[in-house]
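I opened this entry to look at strand pairing first and helix packing after that. My notes follow in the order I made them.

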Amino acid sequence: MIHPEDLSFRGTLPLPVFKQLGQLLHQMAQIAETEAVVLTQDILLSIPVPQKKQRFIVIISQGFSALLLGFPEEPEQSNIQNSVKMPDPDDAAYIFSLPAEFLSFDVQESLIDVNVTFDRDAIANFLQQLSYKLQHDFQASQTLAQYCQSLQPNDARLQSYFTLLLLSIFNKEKAAAPQAEYPSVSVCQPVEDALKEQIAHERLLNQLTSQIRQSLDLSVILSTAVNHVRDFLQLDRLMIYQFAQDSDREWIATSSQVLPSSDTWQKHSGCVVYEARAVESIPSMLNYREAGCFIPTSQCWEKYRKGFTLAVDDIEKTYVLSPCLLEFLRASQVRAKLAAPIVLQEKLWGLLIAHQCYETRHWRDSEKNLLQRIAEQLAIAINQAELMQSLTREKQLLEQRVSERTQALQDALIAAQAANRAKSEFLATMSHELRSPLTTIIGLSATLLRWSFGQLTERQRQYLDTIHNSGEHLLTLINDILTLSEVEAGKTLLEKSEFSLSAIAEASLQSFKSVAARQAVDLCLDLKIDASCDRLSADFKRVQQILWNLLSNAVKFTPAGGQVTLRVWLEQNTAVFQVEDTGIGIPTDQLPLLFEKFQQLDTPYRRQYEGTGLGLALTKHLVELHQGRIEVESVVGNGSIFTVWLPGVEG
């Protein structure tokens, strides 16, 4: 395989040609896709060595890097060589080891000993030598060290472009003067031919690489590749042979061609899936299958898996000891063949096989390398297709699972909504059924308490009080359940009207005067309302119920000697009600449960205070029905503050 470093050369050139090479490298630095660094002997003037006659150019970029060294040559060089030992030009330190007398002639009238290299190691070694000579300049030395680390392989496109320009310079130089005038210039025709061939190979590989990057259709990539490579190498036949994969793996090389069925496929080791022929008269081997010749335990399989490329110049000589195989190749019209393995993740996927049908052919190393590199690119394309197919399957499976999960969630949601409606309807029905007997119990107990026909004993009055209070409490609970079920079922409609904020606040506070007095709790009202804005458009009964629930909780959880304050103020067109108490407070970790249904907070006072946990849940629903919001702040032992915002203030 020819790499950019293999294109390095050295020779003796006239000074004008050396200058043209320098200009060419500067041109490459300008067209590099990334910012290039250009170093010359004129830039690094601080190197403390006599090198006025020495020339060098270093180009460093992510796409193209090169080193050009020029060593002036005396007319009497042979005498100098007898007295001075010449260092190896491959050694980057060579630039610093020339004696001073070697540089004392007129460069303008001399030849230049030129060394051009693209080898990263040689360039890095040269930069390290420069860095060593610049130890007195720490910043320059560190910069050169960074350049050493940033060296990257040359881009094939830029390398090919440079090679073309280089050949044009040499061709112009050869045309401008007779060959005999510069007998020391050594640019051989075989080298030029090799460079041209390398450029053609790189172009073909670049085309294939671009197609792999642009297309996700593996059948198009493989069919196009076999046709282009066959034309380029002038082959009689080129085909792709795919081995049988695992039983759970589907065919990747799907195309319009008829492939064997899965049952037949399991009985054979592989099949020819793609083919390109020079002429129709050449027999087709498409869909050909070999029975048992290629199996994973064979030595041939293992050699191919490790990257072995088989080259047969003449089957008559190579397979003289294998008459069966020789007869098959004769029948298939094969005289010479070249096979490169297609290895995918260390597994032998298939073979890229070239045939010469009518005559022998000596397969050159460049052709072997090209076919091997083509096989490597095809492996990349196949791997890319496998990954895409795997991603597609995973995507489809994920979409199916998401669809199933979504449907299950929808079914669960419908079931939950149906259960919730059934619950709400049940609660509403039961609440109505329980109201009637409770109303009777409350009414009769109240009548007995006020009965003037005879005196009640203390125990009788105590029993009646218990019956009456329990009935009132149970009726309140049933009313809350009924209201909450109606709200959750979406059956609650607000009956809005205009009313006074100060009036509803005073009335609500007055309703709890007697209860607060029994518990020795001080009730306070703090009104901050302008008389001109003392109107709220809302459902009077629902707002009153909100205030009663908040005041009831505040009084209930405030110990004797405490205080409950109701504040009312305005924020633009929003009325703000705030109930603050000096009660037991609520732990921070239990605040999220405060507005949940049937939640009694786990406090040391849980047994001391009655309640079902419906009041605040209902309050939150009623506030949200008015498009408002409710917030709470609390500190254990210091009390709580409930704040409600209700829009609808009339200015």
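I started with two strands of this predicted model. Strand β9 (residues 336-344) and strand β10 (residues 347-356) run antiparallel, and I find nine bridges joining them. I looked up I342 and found its bridge partner in β10 to be G350.

Next I traced the sheet around this pair. The sheet is open, has five strands and follows the order β7-β6-β10-β9-β8, with antiparallel pairing. Which strands stand at the edges? They are β7 (270-277) and β8 (310-312); each has a single partner strand, so one side of each lacks a neighbour in the sheet. Direction ignored, neighbouring strands here are turned by 15° against each other on average.

I then checked what lies across β6 (237-243) and β7. I found helix α8 (residues 218-233) there, running at about 50° to β7.

I moved on to a helix pair. Helix α17 (residues 540-556) packs with helix α18 (residues 615-625) at an angle of about 145°, and their axes are 9 Å apart. I noted the crossing of α17 and α18 as left-handed. From α17, R542, Q545, I546, N549, L550 and N553 take part; they meet G615, L616, L618, T619, L622 and V623 of α18. By class I list six nonpolar, five polar and one charged residues in this contact.

Last, I took the totals. I count 18 helices and 17 strands in the protein. Of its 651 residues, 43% are buried. Among contacts between residues at least 6 apart in sequence, 71% join residues at least 24 apart. The accessible surface is about 35600 Å², with 51% of it belonging to carbon and sulfur atoms.

Methods
Residues numbered from 1 in each chain as written. Predicted model: local features only at pLDDT ≥ 70, side-chain atom pairs only at ≥ 80, totals over all residues. Heavy atoms only, no water. Axes fitted to C-alpha atoms, helices over the stretch in contact; angles between N-to-C directions. Helix = DSSP H or I, 4+ residues; strand = E, 2+ residues; numbered from the N terminus. Left-handed = near helix turned anticlockwise from the far one by under 90°. Contact = heavy atoms within 4.5 Å. Nonpolar A, V, L, I, M, F, W, Y, C, P; charged D, E, K, R; others polar. Buried < 20%, exposed > 50% of the residue type's maximum accessible area, 1.4 Å probe, protein only. Areas by Shrake-Rupley, 256 points an atom, 1.4 Å probe, with all protein chains shown as cover. Pairing = 2+ DSSP bridges.
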